[in-house]
Amino acid sequence: MSQTSLLSEVKDKNHVFSFMQSQASPALNVDKDILLYLEGLSVSFDGFKAINELNLYIRDGELRCIIGPNGAGKTTMMDIITGKTQPDSGSAWFGQTINLLELDEPAIAQAGIGRKFQKPTVFEFLSVEENLILAMPDERSVISLLLAKLNGEQRDRIEEVLIQVGLKEQALIRAGSLSHGQKQWLEIGMLLMQKPRLLLVDEPVAGMTHQEMDRTAELLISLSGSHSVVVVEHDMDFVRQLAGKDRTVTVLHQGSVLAEGSMDQVQNNRKVIEVYLGE
């Protein structure tokens, strides 16, 4: 690819890094150990109620799995959290001090919420390391970031993230040469460069091999504690792997919470069996 074409690709995808613009972030307060509050949220599209009086609370450092049939409201919920969709009613707070409904998408990302979509969005003609460089929060343009000399702290941060996502050996190869699973890990790494407090991860294992699924589960579990991680997923084997015996699984149906509890409790819930499994 020519330098001109590469520059064009970077500019075309620049919206992915709109959150890199310098902004003053509100102070995050999690004194009550709850990082995300969604209360009484409702939103309708052309008469269809996508979210219906939704209440959801995510603890600081928690790994939460969210499941539900198509149309349950999972994507709309994440759209509200990240500022893409405004609800008709209800409230959404990040900690006790940040009203998400008053912020736009870049400001929400700057406040500490990162979202990974199902399809990985990486710069395929740049190296893995260069993708991480572009994801660093910085006021400079993407081109000046690529040409700049990194300081020791920045290099340490990149190496730390490469190790976290298991791509240290692939640091200098083009992202387009990675497997599907590795591209997913790279995008998670790009989010980690922003040091988010909350990670929203949408169907991370779609199209992965079993080995990649196992590695992804290990990665997401390792991130919990230092981050809150919300995983929306359809693959029930993967959800069981993530949830284990004691993590909370939330089941959405028709825009509200149908059931919540351990994986065993959810699987044995009669309403969940009827609605989610179609029995």
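Trainee: Where is the place of Met208?

Mentor: This is a predicted model, so the answer is read from its computed elements. Strand β7 covers 198-202 and helix α8 covers 210-223. Met208 has its place in the loop between β7 and α8.

Trainee: Does Met208 count as buried or exposed, and at what relative accessibility?

Mentor: The cut-off for buried is under 20% relative accessible area. Met208 falls under that cut-off, so it counts as buried, at a relative accessibility of 11%.

Trainee: Which residues does Met208 touch, not counting residues up to four places away in sequence?

Mentor: Let's look across the sequence to begin with. Met208 and Gln182 are 26 residues apart in sequence, yet their C-alpha atoms are 9.4 Å apart in space. With residues up to four places away left out, the residues that Met208 touches are His180, Gly181, Gln184, Trp185, Met213 and Thr216.

Trainee: On to α6. Why are its buried residues on the same side of the helix?

Mentor: Helix α6 has 13 residues, 152-164, and reaches 18 Å from its first C-alpha to its last, close to the 18 Å expected. Its buried residues are Gln154, Arg157, Ile158, Val161 and Leu162. They lie on the same side of α6 because they cover an arc around the axis of only 135°.

Trainee: What do the buried residues of α6 pack against?

Mentor: Take the other face as well: turned away from the buried side, it carries the exposed residues Glu153 and Asp156. The buried residues, for their part, pack against α4 (128-134) and α7 (180-192).

Trainee: At the start of α6, which residue has a side-chain oxygen that reaches to the backbone nitrogen of Glu153?

Mentor: Good place to look! The oxygen comes to within 3.1 Å of that backbone nitrogen. The residue it belongs to is Asn151.

Trainee: How many residues of α2 are buried?

Mentor: Helix α2 spans residues 74-81 and is mostly covered. Among its buried residues are Lys74 and Asp79, along with Met77, Met78 and Ile80. Of its eight residues, the number buried is seven.

Trainee: Now the strands. Which residue in β4 does Glu39 stand opposite?

Mentor: Strand β1 (34-45) pairs with strand β4 (89-94) in the antiparallel sense, over five bridges. Within β4, the residue opposite Glu39 is Ser91.

Trainee: And in the turn between β4 and β5, which residue has a positive phi?

Mentor: Strands β4 and β5 pair in the antiparallel sense over two bridges, and Phe94 has Ile98 in β5 as its bridge partner. The two strands form a hairpin with three residues between them. The turn residue with a positive phi, about 70°, is Gly95.

How values were computed:
Residues numbered from 1 in each chain as written. Predicted model: local features only at pLDDT ≥ 70, side-chain atom pairs only at ≥ 80, totals over all residues. Heavy atoms only, no water. Helix = DSSP H or I, 4+ residues; strand = E, 2+ residues; numbered from the N terminus. Expected span 1.5 Å × (residues − 1). Buried < 20%, exposed > 50% of the residue type's maximum accessible area, 1.4 Å probe, protein only. Arc of directions from axis to C-beta. Contact = heavy atoms within 4.5 Å. Polar contact = N/O pair within 3.5 Å; in protein donor to acceptor, adjacent residues only side chain to side chain. Pairing = 2+ DSSP bridges.
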